[in-house]
Amino acid sequence: MNVLFSKAPFHFLIYFFLILMGCSVKDDITPDIITPLPTKSLKSASTSFSVGLSTSTPKLDLLSYTQIIEREFESITAEYQMKMNVILPVKGTYNWSKADQIVNYAVSKGLKVHGHALVWHESTPDWLLNYQGTDVQFEQEVKDYITAVVSRYKGKVASWDVVNEGVSDSAGSLRNTVFKQRMGDDYMVKCFQFAHDADPDSKLFYNDYNLETNQAKQNKVFELIEDWKLRKVPIHGIGFQMHISYLTPKDQIQTATNKAVASGLLLFYSELDIRANPNKDISTFTLERSEAQRLKFKEVVQIYNAIPISNKFGITVWGLKDDDSWLLKHHNNFNEWPLLFDANFNAKQAYTGFLEGLN
Ligand code: G3I
């Protein structure tokens, strides 16, 4: 414990007492802002839902990653290596190696795997995007793919994002993807059924972004879910990606979360990261912004932790350390610090906020 002291006689006695007690004392220095070493891990503090992260190979070959993953988390999501453009890049030629490596690692360490994502317009391989067969044949290709993947990992991958980002950002309509064009407006229902038939025990999710902040999109998603529930479509959960910032209004997160709870589905904060620099107004990670990010992580986790147990599934952060984030790699936001650990694998104040939200 570092104790700051002036030189007053009274303080001298305390100083002398503390020395006797073996405390180290520093004079007149600014207080260190030290992120305390985790007294308990995220997974031990989270007693009612899974805390996970996205990852990829070859990170899982590095002790620097795996020692934190195995200490702090109980679930992993493949950031990109269980998507169709990686598993089936060429028609008829499955490449299971990366997905198998991720699933086998998880199983060997007793970690859950959330499968991401069976159908996503941004990870559709070119051969399917430019498919020359009939619509019936297209649908068969999709059914065969979903069946092959879900069956292969049955008993190892207990949940799947069946469809990712199927609703457009504007006007609250279905996104006009090749799946919608070739399989019809009900393509998502068909995909959920394909996945359910392959593994009736798997929890099946619809996953999307900005459901917290985009009212039209939020309304459309919950309209679809209510229709699917009436039709007994095998959907079990909804994923809020939660790619938010320290400025994202609490009431919007709360309102969207309340809607998910009311739907009766499982709610998954599936890709949480919290931008500290959404307006690009800082060039270094200031203490002020670190504190704001800590508070937002705490707030988000508290909102989630307060939902009924029957709606709880998990919170997954989208990456381990700041410089792993897609926000830097794919959006050149090099002045961004959105995750729980810094580039040197140190727990940030964001980690502390997450832990505080669990308590
Ligand atoms: O690591 C390889 C590298 O070895 C290779 O040279 C390079 C060129 O092919 O590719 C690198 O892999 C890239 C990977 O990110 C790692 O950077 C993939 O091409 C690239 O497609 C992949 O992008 C991922 C993206 O989804 C598309 O799959 C991002 O990591 C991932 O964070 C992002 O995640 C999405 C969610 O799935 C859905 N929600 C939005 C989220 C962010 O876009």
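These legends go with several close-up views of a predicted model.

**View 1. Helix 7 packs against helix 9.** Two packed helices are described by the angle between their axes and the distance between the axes. Here, helix 7 covers residues 135-152 and helix 9 covers residues 187-198. Their angle is about 35 degrees, and the axes are 8 Å apart. The crossing of helix 7 past helix 9 is right-handed.

**View 2. Side by side: the residues where helix 7 meets helix 9.** Start on helix 7, where Glu139, Val142, Lys143, Ile146, Thr147, Val150 and Ser151 make the contact. Then look across to helix 9, which contributes Lys190, Cys191, Phe194, Ala195 and Ala198. What kinds of residues make up this contact of helix 7 with helix 9? There are 7 nonpolar, 2 polar and 3 charged ones.

**View 3. The ligand and its surroundings.** Around the ligand you can find 14 residues. The closest are Glu79, Lys83, His116, Glu271 and Trp318.

**View 4. Polar side-chain atoms beside the ligand.** Which atom of the ligand lies 2.7 Å from a polar side-chain atom of Glu271? That partner is a nitrogen atom. For Trp318, a polar side-chain atom lies 3.0 Å from an oxygen atom of the ligand. Tyr80 also places a polar side-chain atom 3.2 Å from a ligand oxygen atom. On its own the ligand would expose 780 Å², and the protein buries 58% of that.

**View 5. Two cis peptide bonds.** Most residues other than glycine have a negative phi, and most peptide bonds are trans. The bond from Thr57 to Pro58 is cis, with omega near 5 degrees. Pro58 sits in the loop between strand 3 (50-55) and helix 3 (63-72). The bond from His116 to Ala117 is cis too, with omega near -5 degrees. Ala117 belongs to the loop between strand 5 (112-115) and strand 6 (119-120). You have met His116 before, as one of the residues closest to the ligand.

**View 6. Glu165 and its positive phi.** Glu165 is not a glycine, yet its phi is about 60 degrees. Where is Glu165 found? Look in the loop between strand 7 (159-164) and helix 8 (178-183).

Terms used
Residues numbered from 1 in each chain as written. Predicted model: local features only at pLDDT ≥ 70, side-chain atom pairs only at ≥ 80, totals over all residues. Heavy atoms only, no water. Axes fitted to C-alpha atoms, helices over the stretch in contact; angles between N-to-C directions. Helix = DSSP H or I, 4+ residues; strand = E, 2+ residues; numbered from the N terminus. Left-handed = near helix turned anticlockwise from the far one by under 90°. Contact = heavy atoms within 4.5 Å. Nonpolar A, V, L, I, M, F, W, Y, C, P; charged D, E, K, R; others polar. Near = heavy atom within 4 Å. Polar contact = N/O pair within 3.5 Å; in protein donor to acceptor, adjacent residues only side chain to side chain. Areas by Shrake-Rupley, 256 points an atom, 1.4 Å probe, with all protein chains shown as cover.
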